[in-house]
Amino acid sequence: MATEAKSEKYITTFQQLMEEGRKNGYRLDWLLPRETFGAQINSNAEAGGLLLQDIDRGPFAQIPDWSDNMTGRPRGATTRPNAARIGNYSIRTKADIWLKNASQLYEEAVQRQWSSAVDVPWETMEELPDDIERAECQLATFLTEVEFVAGDVPGKWISETTPDYYEPRMFLISQIMDEARHMDVFRKRAFANGGGLMSQTTNVALSGGAIDSARDFTEMSARLHISGEGLVLSIFRMGERMSYNDAEKAIYRLAASDESRHVAFGVMHLQYLAQTDPQRKEEIHSYLDEIELGLVAGTGGQNPAQRGTPSNAALAILLGGGSDAASIEEGGQIALAVRQRQVKEYVQRIKVAGLGDRFENGRANATLAAYVSA
Amino acid sequence: MVQQQTPPTGQRDLDGNPVPDAPDLSWMDKTLGWGIKARVEPFGGGMTIDALNVGVYAEVPDHIPFRNRLPRGAYPAPGAGSIGGYYLQDKHEQWAECAGRLYEEGISRRWSTATDVPWDTAYDLPGDVELAICQVATELSQHASVETEVVSGWLQNLSPGYHEVKLYLSTATYDAARMFEGYRKRAMLNGGGMMLESPGGMNRTIMETYAGWSQTVLGMWFVRNALDTTILRYLAVHGPSEADRVLAARLIPDRMRMAAYAVDHIRFAISKKPELVIGFQVWLGGVEFAQARDLRDPVLTEALAIIFGGSVAGMDEGMKVVRRMLQDFVKMYLSRCKQANLDRSKSLSGAFQGMLSGMAPPPRPQA
């Protein structure tokens, strides 16, 4: 809601002001209104306040398909010819990182920040059977470990991205904040009820090493946001079933709220890329081939429901209610349902991203179909 | 506790490995310390990250021998391997005792530029003042943007073994992002928008700090942060609208947490490695040079003079306030150095001495 720009009216005024200042020895050559000057933005307190997605106008709203910004200047700022070329950004092509709703996701993240210190009812925790507590602590140790991935890797890519694409950068910063809180809250869970940390994941590949290794942002995002966080989100959404007190329920509910934004970022970015840079679709499908192998065979890591891992066994104990054979068997059946849900949600996300043809043309991993139809 | 492994029944995974009927539960005994219970703080602080440092988990080692994501205190997997990155494995390279508390404080003081600034008070300011605010907003926004790039870029190099630092720096990145978008919003509010980019000398100095994280901290949070914080303090008083004053005042605690981490970290580093002082002193000499060179460019100080003087006509009066502000900036910087046991009072650069004496900014360039 902008009023008419009034820059024409001001030009003369500012030239007079500049002259006046110059008589007093000031330079003031910067005191020139841009073409949008005078176009007010309604801060609209009733509709969420002054939001990032509503502020840019004119040249400030023009997001270049390719950025030549090598000085780190804010998008739309006037350039200085003598500014140093410090911005050695590898991401200067819009399609490589863009999505349509990054600002909205950022503002939502700001509004939904929470505190693991006071927003989790830690006082509701009571002593649990030893095997349950150990399973909780093993799962918490695993999640603490993998949450480092989801903070550190986006951090690397923020510094690689031109500030002309500041919206996705802002979202990724909010993700770093979210992941810090997740790392923190699961560490707190491990210590909150008389347990402690347990075993590290057996090798770095199982704690998200492939995400670190990605040399392309979209490849990284597919592995992190679509695969890793998507899998974890499915687990968090099942949190009610594996929680033994209100504190755990709150942890999973709050963390799921954050993770859903992260997954949305990945889906919306893939969707934008598929629409605007279709020649890359085949390449993206090859990343998805790897991700699907991880889904069915557990080669990708970051999935606590993956068979044969301590976190999978911990899940089975938590879902079945104990570590005796019958409970583990029952928990394993529920864990299988979790894996089915993971696969179904993954399929849906890929369809929304505009890459669902792989499920029609035989490209998708055949084992997925068994999960979906189960 | 360890469940007996049953022989495989012939079921194999996609890699051909046998899948046991019953899961391996040997992990249930893999813990370095069991029976630990962290306590919720009694006066409303909740379950804090520092409260977890009890028993065997209270030890924060001087060196982390792993370059992977082993949570400190977890039972290490011998074959976990290296993940790459995380090459800052020594405590003195990153640690600050206050990091955990700063993290919790950062979270407890969360706020939103969308709703916590009375933006509707900043309409219809005089045109010259509005453009001056937009210029200052452009530079502060760019400073914060560079800060987000720098801190987020370092996260992958800092060992997860010192998770309190990583947690705090996550909030610091987020706080810097808020300053970026807060001042972008302010610049766009009346259509003035982003004006002239900052000179870039300090941006370059902060970004090109390959010597180490400590050097980055010195440039970014001893020097640049002291300047930005001082500007914010003056805007919190002399800002032309309530929105400008509130925005600046809201940002100051965020900035001060960064300074608190920085001072505590450098003091800790020097306490462990006194020989670092010489290098830090030399480095700060270079940073002071870069900052002074940026300030010789008149754009920022002229814009501030218009704001503080109330108009272009009031710039001479406004420039007096700018000189006091720069004096306060150098005092703040020297205070930080002193608190960190890095006394700069005897080796301060000439340009900084000039600002400290109230003589700066340097002579005006001829129109």
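This text walks through chain A, from its domains to two of its helix packing sites. The model is a predicted one.

Start with the overall layout. The domain assignment splits chain A into domain 1, residues 1-40, and domain 2, residues 94-373. The C-alpha centres of domain 1 and domain 2 of chain A are 51 Å apart.

Now look at a pair of helices. Helix H2 of chain A covers residues 102-111, and helix H4 of chain A covers residues 166-192. Their axes come within 8 Å and cross at roughly 30 degrees. Angles under 35 degrees count as roughly parallel. H2(A) and H4(A) are therefore roughly parallel to each other. Their crossing is left-handed.

Which residues in H2(A) and H4(A) meet? H2(A) brings Ala102(A), Ser103(A), Leu105(A), Tyr106(A) and Ala109(A). H4(A) brings Glu167(A), Pro168(A), Met170(A), Phe171(A) and Ser174(A). By class, this contact of H2(A) with H4(A) has 7 nonpolar, 2 polar and 1 charged residues.

Next, move along the chain to helix H10 of chain A, residues 310-320. This helix is mostly covered, with 10 of its 11 residues buried. The buried residues of H10(A) run through Ser311(A), Asn312(A), Ala313(A), Ala314(A), Leu315(A), Ala316(A), Ile317(A), Leu318(A), Leu319(A) and Gly320(A).

What do the buried residues of H10(A) pack against? Their partners are four helices of chain A: H3 (130-158), H6 (217-237), H7 (239-242) and H11 (325-352). After H10(A) comes Gly321(A). The phi of Gly321(A) is positive, near 90 degrees.

Conventions:
Residues numbered from 1 in each chain as written. Chains lettered and ligands numbered in written order. Predicted model: local features only at pLDDT ≥ 70, side-chain atom pairs only at ≥ 80, totals over all residues. Heavy atoms only, no water. Domains from an automatic or database assignment. Axes fitted to C-alpha atoms, helices over the stretch in contact; angles between N-to-C directions. Helix = DSSP H or I, 4+ residues; strand = E, 2+ residues; numbered from the N terminus. Parallel < 35°, antiparallel > 145°, perpendicular 65-115°, else oblique. Left-handed = near helix turned anticlockwise from the far one by under 90°. Contact = heavy atoms within 4.5 Å. Nonpolar A, V, L, I, M, F, W, Y, C, P; charged D, E, K, R; others polar. Buried < 20%, exposed > 50% of the residue type's maximum accessible area, 1.4 Å probe, protein only.
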